[in-house]
Amino acid sequence: MMDDLMFGRGTVGGPFTLTDQTGRTRSDSEFRGKLMIVYFGYTFCPDVCPADLIAITQALDALGPAAEGIQPIFITIDPERDTKVLGDYVAAFHHGFVGLTGSPEEIRQVANAYKAYYAKVPGEHEGEYSIDHMGAIYLMGRKGEYLGFMPPQTNPDRLTEILRKYLAK
Ligand code: NI
């Protein structure tokens, strides 16, 4: 799947209809006219997700008012645990974040469309788990088309530079 992303094989992204942190139904089509940053992660993620979400937030802050042209979206890959916590979690990063959830099947379908890999890893104690996942930061265009992805731990300055470039197009 990583190869598909890296070498542009097949389509990446596509329509989705999920539920946001306030319980509203949201679809990709309402974000037309804006760039979309799409990130798949989970709130219990110990390191990769918070670091990338901080980088996204710093980049959006660095862009100032131009950031209005970008819709950051966090899609949980852990819908069973990311229920009420989702709203507070995304708000702790950037106020503009839409946090999305759905049934495990719905999430899997959207993640597959984005070629976003994830798998549960059992923890030490019964019922515990973490989720192994790829932390790609997807960038989608104003018509919902796939522009590319930035690898996990992309530096915020680099991210700002890329976003500025696409905002200017
Ligand atoms: Ni993570």
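Two strands count as paired here if DSSP finds at least two bridges between them. Keep that in mind for the whole tour, and also that this is a predicted model.

**Stop 1: the sheet edge.** Select residues 137-140 and 146-150. These are strands β8 and β9, and they run antiparallel to each other with four bridges between them. Put labels on Met140 and Tyr146: Met140 sits opposite that β9 tyrosine.

**Stop 2: the whole sheet.** Now zoom out. β8 and β9 belong to an open sheet of seven strands, ordered β2-β1-β5-β4-β3-β8-β9, with mixed pairing. Which strands stand at the edges? Colour 25-27 (β2) and 146-150 (β9): each has a single partner strand, so one side of each has no neighbour in the sheet. Look along the strands too, and you'll find neighbours turned against each other by 35 degrees on average, ignoring direction.

**Stop 3: the helix on the sheet.** Show α2 as a cartoon over that sheet. α2 packs there, touching β3 (35-41), β4 (70-76) and β8. The direction of α2 makes about 165 degrees with that of β3.

**Stop 4: helix against helix.** Keep α2 on and add residues 156-167, which is helix α5. The two axes come within 8 Å and cross at roughly 50 degrees. Angles from 35 to 65 degrees fall in the oblique class, so α2 and α5 are oblique to each other. Their crossing is right-handed. For the contact itself, show side chains: α2 brings Ala55, Ile56, Gln58, Ala59, Ala62 and Leu63, while α5 brings Pro156, Leu159, Thr160, Leu163, Arg164 and Leu167.

**Stop 5: the nickel ion.** Select the metal next. Which protein atoms are its donors? Pick Cys45 (SG), Cys49 (SG) and His133 (NE2), which lie 2.0 to 2.2 Å from the nickel ion. Along the chain, the donors follow the spacing C-x3-C-x83-H. Cys49 is in helix α2 (residues 48-63) and His133 in strand β7 (residues 129-133), so this pair ties together parts 84 residues apart in sequence.

Are Cys49 and His133 buried or exposed? Buried means under 20% relative accessible area. Cys49, at 0%, is buried, and so is His133, at 13%.

**Stop 6: out from His133.** Finish by following His133 along its strand. Across from His133 of β7 is its bridge partner, Tyr118. Select 118-122 to bring up β6, which pairs with β7 in the antiparallel sense over five bridges. The two strands make a hairpin with six residues between them. In the turn, click on Gly127 and check its phi, which is positive at about 90 degrees.

Methods:
Residues numbered from 1 in each chain as written. Predicted model: local features only at pLDDT ≥ 70, side-chain atom pairs only at ≥ 80, totals over all residues. Heavy atoms only, no water. Donors = N, O, S within 2.8 Å, 3.2 Å for Na, K, Ca; no water. Buried < 20%, exposed > 50% of the residue type's maximum accessible area, 1.4 Å probe, protein only. Axes fitted to C-alpha atoms, helices over the stretch in contact; angles between N-to-C directions. Parallel < 35°, antiparallel > 145°, perpendicular 65-115°, else oblique. Left-handed = near helix turned anticlockwise from the far one by under 90°. Contact = heavy atoms within 4.5 Å.
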